[in-house]
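Hi there,

Here is the structure we talked about passing along. Please have a look, and then read on for what turned up in it.

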Amino acid sequence: MSMKDSWLVLLMYPLYCALFFIFLHSQAGISNSQNLSCNSNDLRALEGFSNGLDSRIDGWKFRDAPAADCCSWPGVRCALSSVLSSSSSVNSTDPSLRVVGLDLASTGLKGLLSDSLSGLDQLSFLNLSHNSLRGTVPPELFHLRQLEVLDLNSNNFTGELGQGISNLTSLSYLDVSFSRFTGFIPDSFHGLQRLKSFSAESNSLEGRLPNSLSSCSKLTLLNLRNNSLDGNIDLNFTSLVHLVTLNLGSNLFYGHIPKSLSSCRALEVLNLAGNNLHGTIPQSFRNLQALSFLSVSNNSLSNVSVGLQTLQECQNLTILTLSMNFYGEELPNNGIQGFDSLQTLVIAVCSLTGSIPSWLANIKELSLLDLSWNHLTGGIPFCIGSLDYLFYLDLSNNSLTGEIPMSLTKLKSLNSDSLSHNGSSSHGIPFFSWKNPTLILWYKRFTDFPPTLDLSNNMMDGIIWKEIGNLRLLQVLDLRNNNFTDFPPTLDLSNNMMDGIIWKEIGNLRLLQVLDLRNNNFTGSIPDELSDLRKLETLDLSFNDLSGTIPTSLVNLTFLSSFSVAHNQLQGQIPTGGQFSTFSSSSFEGNPGLCGEFFLVCNSTSKPPDEEENDGEERVMGIRYLAVYRFTAVFFSIACI
């Protein structure tokens, strides 16, 4: 499905498929296999429809008309006329099959939509979505009174939606999204008492919301996003108590957020972003206990404190985006206890003052936090590092000071796959960011968020903790434009596919503080010369295929605070003394041949592998050309320090 297809289409697609399935399989006499020809009127209607297209539909053969069995054609579904609902146009004694469904979604159709489709007077399901049909929708199509599902989304239709839509009194699903419809939405929904889903996203519709939509009391989804609709949002929401999804984002609506929305107790998804709304978030929204997604970004709302105090009572709220509102207000530190279910919180581009509030640490499920492009001051609270599921943190473009809290280097979701929430969003969260160098605001939609730590463009200082290297799942680290003073000399070739031996000449890099070769395919022994790296603080050789023993000379590395040789083929006794007494068993796990304090008691008669064999392995030159090039370039750059 393309990027323009919204989460709303994904949400409702199973609904109309289910409607069609139930209709076909819940009535006796439905069959495509009986030796009955399809109705001659239906056959003519299908032929007229086919003639309006630029090319024939594969599998539709009119050569044998009128004996053609159209009910066996791709996308055509039929039912016996005797079991259809009574109609003055149907002779119940006629044994012919009638076309009740036409499903030609994503079949590459091009051309015009013929008015001959109106001859399918028993049609209840019509899906022509995701094609390249053009021109206007013939008004005769709205004479199909049996129609329950009409899906025309993702085509190139033009013109207005006709008033004749009021004739479709059986309609439960209507989707005309992603086309080129213009004009007003007709105020013709009074008779559509069965309508459950109406989507007209991404057209060029204008004008006010039709009041008659308020009479569709069974409506569960209303999606009019990305049009030019304006006026107040003045539907009578007290009569739309079954509404689950309301998407009016990216329009020109103005006025206040209607308080009557709180009557929609089943509401789960509410998107009002990208309008001209002002005022406050209604305090009555605390009654929306089913609400899981709320975006009001890019409006002119005020009073962020009251908004947060209200919304924290929405027990199921999972995604909350408030960007580009509350200009110049202070982000509250008090009065907020936390959100029980919140996973995503975005309050960016608001010019908020104040500091990063400590109550954020109470949002235990928080996975994504974006407070970028504000005027926040002070330091980053140490407690942010206690959020087990936080994998995306953007505090860029503020005025933050102080050091990076050590707690951020221990974020569990950036260390453990098992703790990370899925970084995808089925709701397509809207974000706003600044497009450098012109600083033009542009809109981007993420479906996947890479694990990120962005502290850029602040006034932070101090050192950059070497332990940040332990965040093995981190994909984006941006610390630019700060006042950090200390970057430890580092050689990091981790998470590649490099092989061969580890050169003993690495021991010449006397100023090296971090050596990370984990997650490669290195073989041979651990060079004894690594003990010459007297400034080394981090040594990670885990997840390779190293053999032999751990050199006892490594106990002389008195600054070594992080060490791992886990998951290799090492054997023999683990060295004792020095920093080795501080390393946990996880530093050595996955090596069945090792023995020592954390493992099996060493056999005093066991001997290390033959040293000549180890010397021979050190002479192996199996590293690939590309790996040698990268390794050598870094080697000489550090050796020259």
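Below are some notes on one helix, one loop residue, and the cavities and pockets. Please keep in mind that this is a predicted model.

**Helix 3 and its surroundings**

Let me start with helix 3, which covers residues 304-311. Its buried residues are Val-304, Gly-307, Leu-308, Thr-310 and Leu-311. Looking down the helix axis, these buried residues fall within an arc of 160°, so they line one face of helix 3. What do they pack against? The buried residues of helix 3 meet two strands, strand 18 (293-295) and strand 20 (319-321).

**Gln-315**

Between helix 3 and strand 20 there is a loop, and Gln-315 sits in it. With a relative accessible area of 33%, Gln-315 counts as partly exposed, because that category lies between the 20% limit for buried and the 50% limit for exposed. Which residues does Gln-315 touch, once its neighbours within four places in sequence are left aside? They are Gln-289, Asp-340 and Ser-341. For Ser-341, the C-alpha to C-alpha distance from Gln-315 is 6.5 Å, although the two are 26 residues apart in sequence.

**Cavities**

Now for the enclosed spaces. How many cavities of 30 Å³ or more does the structure hold? There are three, and the largest has a volume of about 80 Å³. Its lining includes Val-137, Phe-142, Leu-150, Leu-152, Ile-165, Leu-174, Val-176, Phe-181 and Phe-198. Glu-160, Leu-161 and Gly-162 also line this largest cavity. Sorted by class, the lining has ten nonpolar residues, one polar and one charged. The charged one is Glu-160 and the polar one is Gly-162, because Glu counts as charged and Gly as polar in this scheme.

**The largest pocket**

The open space may interest you as well. The largest pocket holds about 1200 Å³ of space. It is lined by 44 residues, and those closest to its centre are Glu-467, Gly-469, Asn-470, Leu-471 and Arg-518. Several strands give two or more residues to this lining: strand 30 (476-478), strand 32 (490-492), strand 34 (514-516), strand 36 (538-540) and strand 38 (562-564). Which of these elements provides the largest share of the lining? That is strand 38, with three residues. By class, the pocket lining has 16 nonpolar, 19 polar and nine charged residues.

Happy to hear what you make of it.

Best wishes

Note on methods:
Residues numbered from 1 in each chain as written. Predicted model: local features only at pLDDT ≥ 70, side-chain atom pairs only at ≥ 80, totals over all residues. Heavy atoms only, no water. Buried < 20%, exposed > 50% of the residue type's maximum accessible area, 1.4 Å probe, protein only. Helix = DSSP H or I, 4+ residues; strand = E, 2+ residues; numbered from the N terminus. Arc of directions from axis to C-beta. Contact = heavy atoms within 4.5 Å. 1 Å grid on protein atoms, 1.4 Å probe; cavity = no way out; pocket = protein on both sides within 12 Å on 5 of 7 lines; lining within 4 Å. Points joined across faces, edges and corners; volume = space filled by probe spheres on them.
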